[in-house]
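Biologist: Can you walk me through this model and tell me how each label is earned? I'd like the cut-offs as we go.

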Amino acid sequence: MPRVSQDHLDARRRQILDGARSCFARHGYEGATVRRLEEATGLSRGAIFHHFRDKESLFLALAEDDALRMADVVAEQGLVQVMRDLLDEPEKREEEHAADWLGTRLEVSRRLRTDPDFRARWAERSEQLTAATRQRLIRQREAGNLRDDVDVTVLTNFLELVLEGLVSHLAMGLPADDMEPVLDLVEETVRRHRRRS
């Protein structure tokens, strides 16, 4: 039997994640049956579950993949940039993919509220985004760019709360064309204000 390259395995895993993102967003976790996952990925159940132990592992990997992408942006540019990217998504990518990401994000939120086992498994993964945000804020404070009258943990929680609100706003289909000034205000709120001479 020929040996499969790591590149091929990585491409197959990406294909599964991309198809599953669409399926979970469209049908929700419970509605994303194995048959629907097969249709969305174009692969057999054997191929899907060769890469992921079960449907929950696939869903967690998908949510983790999104969180890692966001954490990378946060580490380099901050959480407000993640929010700006969300507003730009329809222009940068197909409109459907942006909707899929939002649908998956909302499904994560729903399962966090209703499934204690999922909540426990997700807690480890979601900490990556929080840690990236906290580290970015600490670096900004050390550089003198971040206000120093509010604890970094409070600022982290504030930014994460704004992100969740933006995700809900977009998921409801509300207009987002006037959100840039709101994000400017959020960014200005966490910056250090220098006294004018």
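Modeller: Start with the side chains of Thr130 and Glu160, joined by a polar contact of 2.6 Å.

Biologist: What makes the link between Thr130 and Glu160 a polar contact?

Modeller: A polar contact is a pair of N or O atoms within 3.5 Å; within protein, one must be able to donate a hydrogen and the other to accept it, and residues adjacent in sequence count only if both atoms are side-chain atoms. The 2.6 Å between Thr130 and Glu160 fits that, so the name holds. Mind that this is a predicted model: local features need pLDDT (the predictor's confidence in each residue, from 0 to 100) of at least 70, side-chain atom pairs count only at pLDDT 80 or more, and totals for chains, interfaces and linings use all residues. Residues are numbered from 1 along each chain as its sequence is written, and side-chain values use heavy atoms, leaving out hydrogens and water.

Biologist: Why is Thr130 called buried?

Modeller: Buried means under 20% relative accessible area, exposed over 50%, partly exposed in between (1.4 Å probe, protein chains only). Thr130 has 13%, so Thr130 counts as buried.

Biologist: What does Thr130 contact, leaving aside neighbours within four places in sequence?

Modeller: Thr156 and Glu160, where contact means heavy atoms within 4.5 Å.

Biologist: And how confident is the protein on average, by pLDDT?

Modeller: The average is 85, and 91% of the residues score at least 70. Helix α2 (residues 34-41) is highest at 96, while helix α6 (residues 95-114) is lowest at a mean of 73. Helices here are DSSP runs (H or I, at least four residues; strands are E, at least two), numbered from the N terminus.
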